[in-house]
Amino acid sequence: MRILVCTDVHANLEALQAVFSDADARGGFEEVWVLGDLVGYGPDPEACVRLLREFPLSAVAGNHDHAAVGKLDPVTFNHAAEAAARWTSGQLSDDTTLFLSSLPLVVFRGAFTLVHGSLRAPIHEYLLNEESARGTLRLMRSQFCMVGHSHYPFLCQEEEGSPAFVEFQEGRSYPLDGRRWIINPGGLGQPRDRDPRANYAIYDDAEGTVEHRRVTYDIAATQAKIRKAGLPEYLAARLSDGV
Ligand code: ZN
């Protein structure tokens with residue numbers, strides 16, 4: 001089975017549709033795993049959640065999902081994120097609000113643990129350095145852990161008890177070996193590694209591989225919707241720069 005793994009969709013419908021088209025054209029997929037932040041920042045929260053729910057889906061909650069449904073006070077966010085969180089709350093149907101409210105913080109799927117930020121602080125910690133990777137490795141009860149939140153794609157492999165970060169190269173298929181790994185597919189709807197293309201990964205359980213992919217999408221269309229909704233200009237501008 002091939003599983004499409006993505007994170008930080010952030011209500012970016014054009015990016016999400018482009019990812020599904022790309023995955024369809026390159027071998028297809030049978031299931032979707034989403035590592036949180038389905039909504040927030042972007043202009044299509046309701047449509048993105050509905051589209052994701054059309055597939056067999058395993059999803060965990062992110063901090064922006066909690067903010068959109070009143071489980072987290074967005075006053076802790078920066079100004080643009082806070083404004084978007086308040087706007088998002090008003091865009092969601094009751095059914096989508098209930099769905100986002102009921103997302104678990106951690107999901108276990110076979111050899112994988114799915115979480116938004118880290119196992120130490122599921123929706124708050126950015127797992128980006130050795131110290132935070134160690135914290136999650138200590139708590140992992142499965143061989144692999146998939147995270148999002150930072151919007152940066154990476155692989156982190158445990159080498160003799162220590163975490164070693166390596167680049168998750170685009171288009172390369174990595175055989176999952178006997179080591180423990182932490183995997184971040186990179187942000188789908190708001191990449192932050194100075195490459196504006198949407199990120200996702202394909203996990204192939206028969207081959208035992210994970211592959212990182214990037215896709216161009218109609219950024220101008222998403223930006224026009226952000227402006228039309230009256231969301232902060234910065235949220236539109238940053239999509240062109242991938243920050
Ligand atoms: Zn995010």
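Is Asp-37 buried or exposed? Let's start there, and please keep in mind that this is a predicted model. Asp-37 has a relative accessible area of 1%, and because anything under 20% counts as buried, Asp-37 is buried.

So what is Asp-37 doing in there? Asp-37 is one of the protein donors of the zinc ion, together with Asp-8, His-10 and His-151. The two aspartates contribute OD atoms and the two histidines NE2 atoms, and the donors lie 2.1 to 2.3 Å from the zinc ion. If you like to read motifs, the spacing of the donor residues in sequence is D-x1-H-x26-D-x113-H. Look at His-10 and Asp-37 in particular: they are 27 residues apart, and the pair links distant parts of the chain. His-10 sits in the loop between β1 and α1, whereas Asp-37 sits in the loop between β2 and α2. His-10 is buried as well, at 2% relative accessibility.

What about the geometry? The angles among the four donor atoms run from 85 to 174°, and the site is irregular. A tetrahedral call would need every angle between 85 and 135 degrees, so the 174° end of the range rules that out.

Now let's step back to the sheet. Six strands make up an open sheet, in the order β3-β2-β1-β11-β12-β9, with mixed pairing. At the edges you'll find β3, residues 57-59, and β9, residues 173-175, each paired on one side only. On average, neighbouring strands here are turned by 20° against each other, direction ignored. Within this sheet, β1 (residues 2-6) and β2 (residues 31-34) run parallel and share four bridges. If you want a landmark for that pair, Cys-6 stands opposite Val-34 in β2.

There is a hairpin to look at too, formed by β7 and β8 with two residues between them. These strands, residues 154-159 and 162-166, run antiparallel and are joined by five bridges. Leu-155 stands opposite Val-166 in β8, and in the turn Glu-160 has a positive phi of about 50°.

One last stop: Glu-14, in helix α1. Glu-14 is buried, with a relative accessible area of 13%. Which side chains does the side chain of Glu-14 reach by polar contacts? One is Thr-222, at 2.8 Å, and another is Lys-225, at 2.6 Å. Leaving aside residues up to four places away in sequence, Glu-14 also touches Asp-44, Tyr-217, Asp-218 and Ala-221, among others.

That's my tour, and I'm happy to go back to any part of it.

Definitions and conventions
Residues are numbered from 1 along each chain as its sequence is written. This is a predicted model: local features need pLDDT of at least 70, side-chain atom pairs count only at pLDDT 80 or more; totals for chains, interfaces and linings use all residues. Side-chain values use heavy atoms; hydrogens and water are left out. Two strands pair if DSSP finds at least two bridges between them. Axes are lines fitted to C-alpha atoms, for helices over the stretch in contact, and angles run from 0 to 180 degrees between N-to-C directions. Donors are N, O and S atoms within 2.8 Å of the metal (3.2 Å for Na, K and Ca); water is not among the atoms, so sites may look incomplete. Four donors count as tetrahedral if all angles lie between 85 and 135 degrees; four count as square planar and six as octahedral if opposite donors are over 155 degrees apart and all others between 65 and 115; anything else is irregular. Buried means under 20% relative accessible area, exposed over 50%, partly exposed in between (1.4 Å probe, protein chains only). A polar contact is a pair of N or O atoms within 3.5 Å; within protein, one must be able to donate a hydrogen and the other to accept it, and residues adjacent in sequence count only if both atoms are side-chain atoms. Contact means heavy atoms within 4.5 Å.
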